[in-house]
Structures are given as structure tokens and as C-alpha cells.
Amino acid sequence: MLLSGRVSGFMNSAGMSSFLRGSAGARMSKVASFKLPQASFRRPGRLAPFSNVRMVATSSVDVKSSAIFQKYDIVKEDHIDEYGAKVVLFKHKKTGAEVMSVSVPDENKVFGITFRTPPNDSTGVPHILEHSVLCGSRRYPVKEPFVELLKGSMNTFLNAFTYPDRTCYPVASQNLKDFYNLINVYLDAVLHPALTPWTLKQEGWHYEIEDESDALKYKGVVFNEMKGVYSSPDAVHGRACQQALFPDNTYGVDSGGDPTVIPKLTWENFEGFHKKFYHPSNSRIYFYGDDDVAARLELLETFLGEFEQHPRVRKDSTIEWQQKRNAPWTIEQHYPSGQDGKVLMTVNWLINDQVLKPQDELALDVLDDLLMGTPVSPLYKTLRESGLGESVISDGLETVLQQATYSVGMKGIDDVAKCDQVQKLILDTLNKIANEGFDKSSIEASLNSLEFKLREFNTGGFPRGLSFMLGSLSSWLYDRDPMEPLRFEKPLAELRSRIASGEPVFEDLIKKYLINNGHRVTVKSLPDPELEEKNRKREEEELENVRKSLQKEDISKLIEETKMLKEKQQAEDPPEKLALIPSLTMDDLDKQGRNIPIAVSEEKGVKVLRHELPTNGIVYADIGLDMRVVPVDLLPLIPLFCRCLTEMGTHKRDDIALSDFIRTHTGGVYTSTSTTQKYGSGNRLPEPEVVSNLFLRGKATYAKSAEMFEVMNDIITNTNFNNQNKFKQMVLETKARLEANIVGSGHSYAAGRIGARYMVTEFVEEKMRGIETLDFIRELAKEVDKNWEGVLAKLERIRDLLVNRKNLLINLSAEDKGFSSLQSNLEEYIQSIPLKTEESKVVDWAMEMKKFDGKGEGFVVPTQVNYVGKGAQIFKPGEVTSGAAAVVSRHLRTTWLWDKVRVVGGAYGAMNSYNPSSGMFKYVSYRDPNLLQTLETYDQTPEFLRELSKEMSPTTLANAIIGMIGDMDAPMSPDQKGFTSMDRYLTGLTDEMRQERRDQVLSTTAKDFAEFAERLEVVTKEGSIAVIGSSSALEEANKELGLELKKIL
Ligand SMILES: [Zn+2]
């Protein structure tokens, strides 16, 4: 999985890889607060409120009475008041396996098993093993039990992660039976995988050759995944920083695998790594949720019981400490770039070479936030305003590994000589802060904002229990107390009192850990437009040399192996083996969908939606402004307009005062936009009717709702856009971010480009955040210099158009008592929004949709892998659709596309999407070595579905339905529920319609698969193509495709 942090934290730059990207793998962002990793919000998550929690499940009494407890020692028993969690730490007597058992009233149960797996080379052996153990095991001897679980379980999380020093296997589910099924499969996978040389070939690397006249090629899932990673300048830079900081220990190699080193991995080392580290004695096992503790231990015993204590593994897996050096040094390296690539540079520190005190660790987190947590934090602001680069690299503090690090720098530097200036500016700024200290109001803002985050603990769609586990492991993995990272009340109170007593806490930390710390390395990454080609040539030559060294019979053997591997990959698992994978039945599913409360009213002429939800004393307020009044030519400015709202400052408060006020009194104020279209009645696809809003979203405790509404009004009506320098910087940052994202997440840009040809909603998105936006932003950067008055006038024009009480919509989520306490503030708020007399005019965006010609487009970027997309509108307005279509569409992702594009094709992933409100269907591949072959696979999809529908087993059908229901019932946090309910209301998706669709899902038959196949013929025959890829791949493929090619980087 690609992990994207605030900019590029260690997790995406140098650290973690995982088995799967996509809905099941929620993206994780940088550790936002203390040690609890906060997730970003791809999938909804249900939270247990942390006040009024009752103890559930175990107590000491149970512990003594049940026989299973005889198998375990109790190491520690405690209550974490902050989260109302009862925690027992067990040690399995026979093997020494450590078990952390958390009991909380949260139905989204989590299990995880983690091994310490420090590598000593960059062959990627931990990462390849992470993939491989999920490819069949003793009890479940099928090709990919993991995929079977993806197809037909109700999991709310299913993935695996490789860190630089550990491998984690977490699962989550709200359904107890499903939860145990997942645990069974995962434990069998890690402890008894069916590893063969074929597994290494498929998941790691192999030579591919199909005919004697062909050249040799490297193929393999991880090989390709890492080629994609090494195409990203941010990742190449981050990796170099980590390796430079840790020259002497395991963090100096790449656990994910360096594509130039991966082919050195032998079967002996691969199998040996599993033997060495995947043992219960080297495991940390975790349970979380509302299920029974004795049952957890019973289940574990069925796996652990057959193992003995391993004599050496705990010692063998110990992570050595990197000793600190005394004098700073510099490293220079190159990355593959386009023609106008620029320099990236960061200054990096190794913070500690012994265990940090908990209070120091919390203080360092606050310090990081003070220095770089917001765009107006002094270090961030100074760098940003220096004009030395296009954007700030603010990775900051990382505390996930054994030793903490600190990184700051810039990217988009046009001359490498400026790196010294950046470095000097960083060091001077730190010195200045160490001498002068921070503003009291900024410290207060930082502490309050941290405290709000910790108390709210809103992990969005990411299971809360998994955040707990990852937080614990940052201490537990290194044989320290796993509960310590979860507590914050006491350290926070201590920190507050130290600050109150006048102790220069942060100044001291800056001096000790940064200014006077000699273990500091400056890393510069220089662009090399030839490097991609050089890398390709180097690989080609390497393969040619291998080929030359082979005898004719060796080649024949490789051809034979290539054929056999493909056959194995395409062979069907026998039904009797598939039946071994435990799964739910249709009877286990809730027939009735879950609804979210909504009350609609009109107050002072404005529509107000209220969702009464257990928000634990917090009000979530979404202020919507109808965006349909914005003309098409102003749309590309909308994302920048949004940033101005929260970053520029107002006529009442400058940018720093605004940021401090928001962070002192609220849990945050954000902006977002949403553009969708209405559903039709009677299952009929309607003529497109756009729903589009710009939202200002805030959250605060009830007591602070007045402050929240006041500042939200100030932002909307009063923002001071007139800061040319700052705006220019935002434009350059946007440009840098877009360029990085197009290379790193090209699949979503390809999908957007296809959609823009058909749907007005996607055309609008493409205008604001698509490939086309890049040209606009490049022009805008010049225009800001030449004609700032003109740009300023456009920003003010957008505000004039949007800010009108007639355009306003208010969406609130809170408890009943919250609504009554904030009513007067709400009324005041509504009256503070100007009411304009003239009617606001809705622009007909569809009239201005760009007309695209031809079959599609290819976008050339510097990369070693491609993103291949194809799609079309498969239902037209007036046609009848069914919920069953979504079941078929979802099933494709884990069967046909997975097998052909990922397993056989060697791409990291392939996805497809079907939008029931617009009838759009798209395929996209992710980090794909192929292009034409992938398109062929897409085109053959109808054939696959037709065959499948002819001989579909009841289990296959049931699993497809179960998986779909699992997606539909994904847990959500209260704010997500409120927002989702509003979205349904605005798009006309009623609870009755949702229930009807659910009924259709539940009664899906094989016939629906055959019917969907006919629909997909439209994509095969007349679908549009969009590819983001390397020039060599695109030029070669275009001999056949005839796409319009454009070089964008
Ligand atoms: Zn992976």
C-alpha cells in the first residue's frame, strides 16, 4: 500500500509496504498525535464513545476460573482510563508468545499478529514473505486464501504491512463469526504457509521468457511494486534519508526491496527468513473489541499449542541501536526526473540512541507541531516564504521505529547551490526560536489541538482498535510497556505544569536534540532526466548478460518455467479445497440496512439538517455553499480559494492569529468540495442533475460552539485574499503536489480523465483537480506575477458568488443536548451570512463540457510503470439499474482482474468502479508493467462473466453477495455518518431506495452476472482509454492504439 503522510513521512518514503492497496487498506497518515497513528478517512469507522464505558468481558474473576488461563501467565493487568479499555498482557507459557488483550465495548473487533523481522540486505525478503504467506497454507491449500477472504467476508480491515523492522498481519470485523474465520486463516498463513519456489517467483521475482527469440525479463509482484515506489522522487529521497541516518543497523537497508537488488534473493534465504523469524516466540499477538477473552485464548492455543519455545529468536530479532555520530555530513544522489525536474533536500537528525522518557516524547510531539504543524508554524512559514523552493518537506518527527528522527527541508529547488541557503535558514530559525521561545498563544493552541485530537480519537474509517495496536507496537516491539503509548492524561498534565512553571521545555529540546546534535545528515536529491533510461538500459544489459551465460537447455528450462508459472497462476482451485476456507452464509447477513437519523428543517430561510448521534460532547458542523453558481473558467481556482479560507487570515485576524484561535477553541476547521449527481426514482437512471457544494467543516465541544460559528463566519465573509507572495507559494505547492501525485497515483488521474468525457460531475472534478489542472496552475504561477490584481479579483468574485444566504446549507451532527445548547449560536450564524437580493444563477456546466475526440489519451511521465484505464457509461438515462450490478462489479476486482492483471500480469493492482447514480464503469491498473495486455484483459471481461454465469456455484455467488454487504455496512464515525446522511439527502437517495437496493443485492443471481457482461461490451467496443506511463511504453503501444499523446512531466 502507498502511504501518504502530511508530506512524505517515513511510512511512504522509506518504510512501510503492504499487500494491498484500495478500500481495505485505509491509507495512513503521519502519526498526528503522540504515538497513536491516526488514519485518514477512506472508509467510515464506528467508534465507541470513551466516556460512560462499561467494562465488558474479562475480569480477574474470569481469569482464575477458566482452564484455558492455565496455559498463560498474566504479565500485567490494567485499565486505560483515557479510552475506557481493560487491558491484560499475557505470556503463553509454552512458547513465550506475548498476547495483548483489550476489552472495550466496540463491535469493530481487531486481531493482529506481528513478528520482528529485521533484514540485513535490500532484497526485500520481509516484504516478499509478507505477500507470500498469504498464498496458501497447511489448512487452506488454495492459491490465495487472502483473496478468498476479500471476496466473501465482512471484514472491515484486511491487509498486511512490512515495516523496516516488523511485519504485521491485522484483520477486523464487526461480525464475531467472521472475525474468528479471519483469525484462523491469518494464523495458519503466518505459522504454516505453503511456501515453494513458485511462491517466490510469483510474489518476488523470476525470469520471464516465452519464446527462444524473446529477451529475458524480470517479473514479480513485489519487484514491480517497488519499481513503482522507486519512480517517485519523494520516495527515493525519503529512502536515502533513512538509510543515511542509520548507516550501521537494519534501518540502513530497504525492507521493501530495491528493484536492483531483489533479483539477488535466493530460495534458501527466502525460506530461511521465515524459519528464522516467523515463530510464536517472536510474536506479539493482539486482540481488541467486545468479544470474550477466554475464547480468544482458546483459539490461540489451537495454533500455539504445537510449538515449543524457540531458543534464539528473540535475541536474533533484536534491533541494534544506531550509535550517534558527532559531526554533521552531507549526501548527494540522483532521482529519475522529467526535463524540468528540480532538487529536493532535507536536513535529517537522529534524535536518540537510548530510550526516550515518555514526557520527552510527548514534548517532542508538541515541539514538532509548534515548528511545522500548520502553514503558519514558524519553521514552516519561514521556509515557505523564503522562495528558495516550491514547497516545504515537513516530515518532522518520526517515533514509530526504535529511534526517533527529525526531518525538514524543501523541494522544487531550481538550483542545487540554494541547498546551502535552505540549510542555513533552517539552522538559523531553530537558533532564533531556541533563544526567543514560542508565543504563549501558539503553545496553548498546540496543546489544545493535541488534546482535542487525543480525546476525540477519530480514526474515521480506520478501525480504532488497529490504531491502538500500531500505537502500542512502537513501544511493545522493543520489549517496553505496550500500554504506555496509549496514555496521555498524566504526561499532558505534567507537560502543562512544566510550561506553566516557566521551564523553557521546548527551547531546551531544540538545543539538545537538534542544534547540539551532531548526528545530522543533509540529503540532496538531484534530478536526472536520463536516469530512467539508464536504469532501463542497466536492467536490459544485466538480463542480456544472464542470458549469454545460459546454455540452450537453461533457456528451454526458463521457457518451460514461465509456462508452468502461468499455468499455476491460471489454474482453478478445486471446489473441495476452496470449501475449506471458512466463510459466512447468507443467513448470517442482516437483511435490513442500517439507517442514519436525519431531521430536516428550515430556519431563517436556510435548510438545516440535524443528525442526532452519540458524538461524545462534540458538535460537527458542515456549512455548505452551492457551487453551481461558479462559472467553468473559475473552477480550477476553487481548491486554492479553499486553502485561502483557512490559511490567509481575515480582515479581523492575521494568518497566525486565525490559526491559533481555531486550534485553541475548536477541534479544527477544514474545507472540502463535493460534486455528485442525483439518483432517479424507480431504479431508473435519470438525466444528470448536478449537486455540488463547497463545505466549511468544523468541530468543537458544545461549550465552544459560539467560538466555532464565529470563526467560521469570519472565514467565509472576511478572508483577506490580498497576499500575493503567499498566494504564489500556494500555487507552487499545488503544482509540486500535483506533479508528485500524477506519478505516484496515476490511476486516479487516468480514471478522472475518462470520466470527464462522459459525466459533467467528473468534468468539474477534472477542472479542479485533474491532469488538466496542471496546465492551469503553471499558467497561474506566471499570472500571479504579471497580473496579481486580476487574480485577486477572481478570488473575490468566487466569494461574491458563493457567499449568499440563498446558497447556504447547514448540516449538524451532535447529541440532543448539544443541539439545544447551540441553537442561538446557529441562528446568529445564519443571520450573519449576507442575503443578496438578486437570484443566484446556476451555471449549466454541461454546456461547457470539453468535447474529446478519438479513442483516448496517453500522458507521458518519468516512471518505470504504467497506469492503464478504460471506461464508458454502461447505463444510459432512462434505463433501469439494479443493486445486483454492484455485486458483479465488486466481484471482478477480486477474481478476473486480480488474477489477470496482478497475478499473471505482475501489476501491483487493478481496480474497477461502477457508479450506480451515473452508470459509469471504469477499469484502472496500478503500477503496471504492461499496457496492451492489460487493455486486452479488460476487453475480455464480458467473456469471463458469461462463462462464470454458466457454471456459478452457490458458494461463489454467496461470497460475492457477502462481500458486497460487508462494504455496504462498513462502520462510520459520527461525523462521517452525519456527512453521509446529508449526501444521501441531497442526491435523493432515500432509506427506502437503499433498502430496495440491498434487497436486490441479497437476491443477486447468476443471471445478473450474464446481464452485466452484456453491459460491459460497451466498454470493450467503444470505451475510452487513458494511460499514464513511460514514453517507451506509450510509444510502443501507440503503434496499435492511436491515442493522443502528451508529455506532462
Ligand atoms: Zn507489497
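Six salt bridges turn up across the interface of domain 1 and domain 2, a salt bridge being a side-chain nitrogen of Lys or Arg within 4 Å of a carboxyl oxygen of Asp or Glu. The model is a predicted one, in which local features need pLDDT of at least 70 and side-chain atom pairs count only at pLDDT 80 or more, while totals for chains, interfaces and linings use all residues. Residues are numbered from 1 along each chain as its sequence is written, and side-chain values use heavy atoms, with hydrogens and water left out.

One salt bridge joins lysine 411 to aspartate 234, with 2.9 Å between the closest N and O atoms. Polar contacts across the interface of domain 1 and domain 2 come to 24 residue pairs, both residues at pLDDT 80 or more. For these, a pair of N or O atoms has to lie within 3.5 Å; within protein, one must be able to donate a hydrogen and the other to accept it, and residues adjacent in sequence count only if both atoms are side-chain atoms. On the domain 1 side, the elements giving two or more residues include β2 (72-80), β3 (85-92), β4 (98-103), β5 (109-116) and α8 (233-245); helices (H or I, at least four residues) and strands (E, at least two) are DSSP runs, numbered from the N terminus. Helix α8 supplies the largest share of that side, eight residues. By residue type, the side of domain 1 that touches domain 2 splits into 28 nonpolar, seven polar and 12 charged. Here Ala, Val, Leu, Ile, Met, Phe, Trp, Tyr, Cys and Pro count as nonpolar, Asp, Glu, Lys and Arg as charged, and the others, Gly among them, as polar.

Stepping back to the overall layout, the chain is divided into domain 1 (72-320 + 552-579), domain 2 (329-528), domain 3 (617-848) and domain 4 (856-1047), with bounds that come from an automatic or database domain assignment. The centres of domain 1 and domain 2, taken over C-alpha atoms, sit 30 Å apart. Contact, meaning heavy atoms within 4.5 Å, involves 47 residues of domain 1 and 47 residues of domain 2. About 4100 Å² is buried between domain 1 and domain 2, with carbon and sulfur atoms giving 69% of it; this is the accessible area (1.4 Å probe) that two parts lose on being put together, summed over both. Within domain 1, Tyr83, His237 and Leu245 lose the most area to domain 2, together 18% of what that side buries.

Glutamate 98 is worth a closer look. It lies in strand β4 and is buried, at 14% relative accessible area, where buried means under 20%, exposed over 50% and partly exposed in between (1.4 Å probe, protein chains only). Not counting residues up to four places away in sequence, glutamate 98 touches Phe90, Lys91, Ser283, Arg284, Ile285, Arg314 and Trp476. Glu98 also belongs to a network of salt bridges with Arg116, Arg284, Arg314 and Asp479.

By the same salt-bridge rule, the count comes to 84. Among them is the pair of aspartate 655 and lysine 381, at 2.8 Å from N to O. Aspartate 655 is in helix α23 (residues 655-665) and lysine 381 in helix α13 (residues 378-386), so the pair ties together parts that are 274 residues apart in sequence. Both aspartate 655 and lysine 381 are buried. Glutamate 710 and arginine 653 form another salt bridge, at 2.6 Å from N to O. This one links helix α24 (residues 705-718), which holds glutamate 710, to the loop between α22 (638-647) and α23, which holds arginine 653, 57 residues apart. Glutamate 710 is partly exposed at 26% relative accessibility, whereas arginine 653 is buried at 11%.

Turning to domain 2, helix α18 (residues 505-515) has Val505, Phe506, Glu507, Leu509, Ile510, Tyr513 and Leu514 as its buried residues. These pack against β13 (343-350), α12 (358-372), β15 (405-413), α14 (418-436), α15 (440-456) and α17 (489-500). Serine 391, in strand β14 (residues 391-398), is buried with a relative accessible area of 8%. Leaving aside neighbours within four places in sequence, serine 391 is in contact with Gly409, Met410, Lys411, Glu733 and Ala736. Aspartate 528, in strand β16 (residues 520-528), is buried too, at 11%, and touches His334, Tyr335, Pro336, Ser337 and Lys534, not counting residues up to four places away in sequence.
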